Structures are given as structure tokens and as C-alpha cells.
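Please consider how charged side chains may be arranged within a folded chain. The structure is shown below.

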Amino acid sequence: MVARFLGAFNQGDVRQLDQLVSSQQFVWYSTDAPGERLHAQAYDRSSLMAYFASRHAQHEHLVLNSLDVTFTNANRGGLWAHLTRSADDGLPPTRYSSKGEVQCSTMPSGLTVWAMGRSPWSPIELLPEVAALVLIAAGIGGIVLWRRRSAGRLASAARAKTNITR
């Protein structure tokens, strides 16, 4: 459901979006600026397809980075997603978190909740870069140490050879 929703959103396929967003049990679709959709507007499904069309006109793009299913039962399922959101109206690629809900008690199944907001920066994200820097530093340190020891051994060998020839 999420992959189909994001695909239709990114393609500006309002007809497909209208089918994927529950018309029977819709609760809300919200996000911050640009394209802010909050408060009463977030709960208004009747304006949602026009909103999607306006965001497509701004080339808004959503990329799914990760998805966790938070709960499921016979009627619905919950999700937590991490996305990258971008748009021409002042939003460079930016990290977002989203919570959502899919209803499956009526057919067709549909998205009932989608709420996304900017994700705070986390130092844990630097771990791959820090690990790479540590490995590079260790490699350079190893090369320097090896060269010093090699030079020391050559110098010792040269001194030993000088002492033997005397």
C-alpha cells in the first residue's frame, strides 16, 4: 500500500491516489511547509486530490528510506516510515518521519492516516562516516609505522654492516 501510494504521489497520478486513500474511513493527511496541510484542512478529504495535484506541480517527491509496521489487526494496520521529501518550492532533500494507518476492514483497503514531519538530526547517522575515517586513519598510521620500522631496520642493517667491515 505504501509503495503504491508513494509511486502514485511521485507520478502525480491523482486518479490512483483517489483510489488508495480511503474514502470511507479517511482521518487525515498532514505535513509541514512547504505545502503545509494542518488543522482542519488536514481532515478534509474533499480537498486532498487538489492538494496532491498542487504538490505534483511543485515536483514534490517522496523517497521511502525505511518502513516499520507498528501494529496489525483484522481492521487496520499502523506504520512508521522514514522518508526523504523534496520540492521545487524551497524544500531541498530533507529527512522526514511519517506515521500512517491503513484500513482493511472494507474493500478496497485504503490509507486512512498519513502525517509527516521533519526528522531531527541524530549523531548516530555519522557512524558510517566516522567508521570510514577511523579505518582510513588506521591505514595511514599503519603505513607510517611500517615505513618507520623499515627505515629503522635498514639503518640498523647498514650500521651492522659498517661494524662488520671495520
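The following paragraphs trace the salt bridges of this predicted model.

Side chains of opposite charge can pair when their charged atoms come close. A search of the whole structure finds 7 salt bridges. Among the residues concerned, Asp32, Arg55, Glu60, Arg85, Asp89 and Arg118 are joined to one another in a network of such contacts.

A suitable place to begin is Arg55. This residue pairs with Glu60, and the closest N and O atoms of the two are 2.4 Å apart. Are these two residues buried or exposed? Buried means under 20% relative accessible area. Arg55 has a relative accessibility of 4% and therefore counts as buried; Glu60, at 2%, is likewise buried.

Arg55 also meets Asp89 in a salt bridge, with a distance of 2.8 Å from N to O. Arg55 belongs to helix H4 (residues 48–57), whereas Asp89 is located in the loop between strand E3 (76–87) and strand E4 (91–103), so this pair ties together parts that are 34 residues apart in sequence. Asp89 has a relative accessible area of 31% and is partly exposed.

Glu60, in turn, forms a salt bridge with Arg85, where the closest N and O atoms lie 2.8 Å apart. This pair links distant parts of the chain: Arg85 is in strand E3, while Glu60 is in the loop between H4 and strand E2 (61–72), 25 residues apart. Arg85 is buried, since its relative accessible area is 0%.

Conventions. Residues numbered from 1 in each chain as written. Predicted model: local features only at pLDDT ≥ 70, side-chain atom pairs only at ≥ 80, totals over all residues. Heavy atoms only, no water. Salt bridge = Lys/Arg side-chain N within 4 Å of Asp/Glu carboxyl O. Buried < 20%, exposed > 50% of the residue type's maximum accessible area, 1.4 Å probe, protein only. Helix = DSSP H or I, 4+ residues; strand = E, 2+ residues; numbered from the N terminus.
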